[in-house]
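Here is a brief report on one protein model. It starts with the whole chain and then turns to the helices.

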Amino acid sequence: ARVLRAPFEAAPVGCAWSASAWSAAPPRADAAQARESRDRLERFLGEAVAAYGADPARVHLLGFSQGASMALGVALSRPDLVRSVVAHSGRLLRQLVPAAPPGGLAGLPVLLQHGRHDPVVPLAFADEARGLLEPLGVALTRRDYDLGHEIGAESLRDLAGWLAARLDAPR
């Protein structure tokens, strides 16, 4: 089995895709680490598809918090690697939005989910992500919930239904 773990230490919570300066407003992510993590994730996806003989057109990325940032970052730089993206309670780092977006983004299904009461990644970041994604032509679905920085029963039901509708649908 192939497993990719976030490569940077984030005491006391474990691992992170990039360091964050939480004392800044808004919190700043280490852009170099974020790009390094995104590149690592892209390599992993290619290796996993090859190792398992999988169809790259059936790869769906789901991420929560920093994982959502990474999933969106991969989709924007290498839409050929993913069929759809679910980003829950994350943000789209401006540093991961390519200056010249690649072909293949138009119509890419993206589900953007967020808690209205998220104290870690405030709802304003979901608004910002929508503003960055819509001009790129992705097929964006946005859902907000009465949640904090968490996945709830309703958001999980919505995610499962949204993903099930796309698992075998042609792009």
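## Overall make-up

Of the 171 residues in the protein, 46% are buried. The model is a predicted one. Its secondary structure consists of four helices and eight strands. Along the sequence these run in the order β-β-β-β-α-β-α-β-β-α-β-α.

Contacts were also sorted by sequence separation. Among those with a separation of 6 or more, 70% join residues 24 or more positions apart.

## Helix 1 against helix 2

Two packed helices are described by the angle between their axes and the distance between the axes. Helix 1 covers residues 31-52 and helix 2 covers residues 66-77. They pack at an angle of about 70°, and their axes lie 9 Å apart. An angle of 65 to 115 degrees counts as roughly perpendicular, so helix 1 and helix 2 are roughly perpendicular to each other.

Helix 1 brings Ala34, Ser37, Arg38, Leu41, Glu42 and Leu45 to the contact. Helix 2 supplies Met70, Gly73, Val74 and Ser77. By class, the residues of this contact are five nonpolar, three polar and two charged.

## Helix 3

Helix 3 spans residues 123-133. Its buried residues include Phe125, Ala126 and Ala129. Leu132 and Leu133 are buried as well. These residues cover an arc of only 120° around the axis, so they sit on the same side of helix 3.

What covers them? The cover includes helix 2, strand 7 and strand 8.

## Helix 4

Helix 4 holds 12 residues, 153-164. At 1.5 Å a residue, helix 4 should span 16 Å. Its end C-alpha atoms are 16 Å apart, which agrees with that expected span.

Which residues of helix 4 are buried? They are Ser155, Leu159, Trp162 and Leu163. Viewed down the axis of helix 4, the buried residues fall within an arc of 95°, so they line one face of the helix. The face turned away from this buried side carries the exposed residues Ala153, Arg157 and Ala164.

The cover over the buried residues of helix 4 includes four strands. They are strand 5 (60-64), strand 6 (84-88), strand 7 (109-115) and strand 8 (139-145).

## Shared cover

Strand 7 and strand 8 appear in both lists. They help cover the buried residues of helix 3, and they also help cover those of helix 4. Helix 2 also has two roles here: it packs against helix 1, and it is part of the cover over helix 3's buried residues.

Definitions and conventions:
Residues are numbered from 1 along each chain as its sequence is written. This is a predicted model: local features need pLDDT of at least 70, side-chain atom pairs count only at pLDDT 80 or more; totals for chains, interfaces and linings use all residues. Side-chain values use heavy atoms; hydrogens and water are left out. Axes are lines fitted to C-alpha atoms, for helices over the stretch in contact, and angles run from 0 to 180 degrees between N-to-C directions. Angles under 35 degrees count as roughly parallel, over 145 as roughly antiparallel, 65 to 115 as roughly perpendicular and the rest as oblique. Contact means heavy atoms within 4.5 Å. Ala, Val, Leu, Ile, Met, Phe, Trp, Tyr, Cys and Pro count as nonpolar, Asp, Glu, Lys and Arg as charged, and the others, Gly among them, as polar. The expected span of a helix is 1.5 Å times one less than its number of residues. Buried means under 20% relative accessible area, exposed over 50%, partly exposed in between (1.4 Å probe, protein chains only). The arc is that of the directions from the helix axis to the C-beta atoms.
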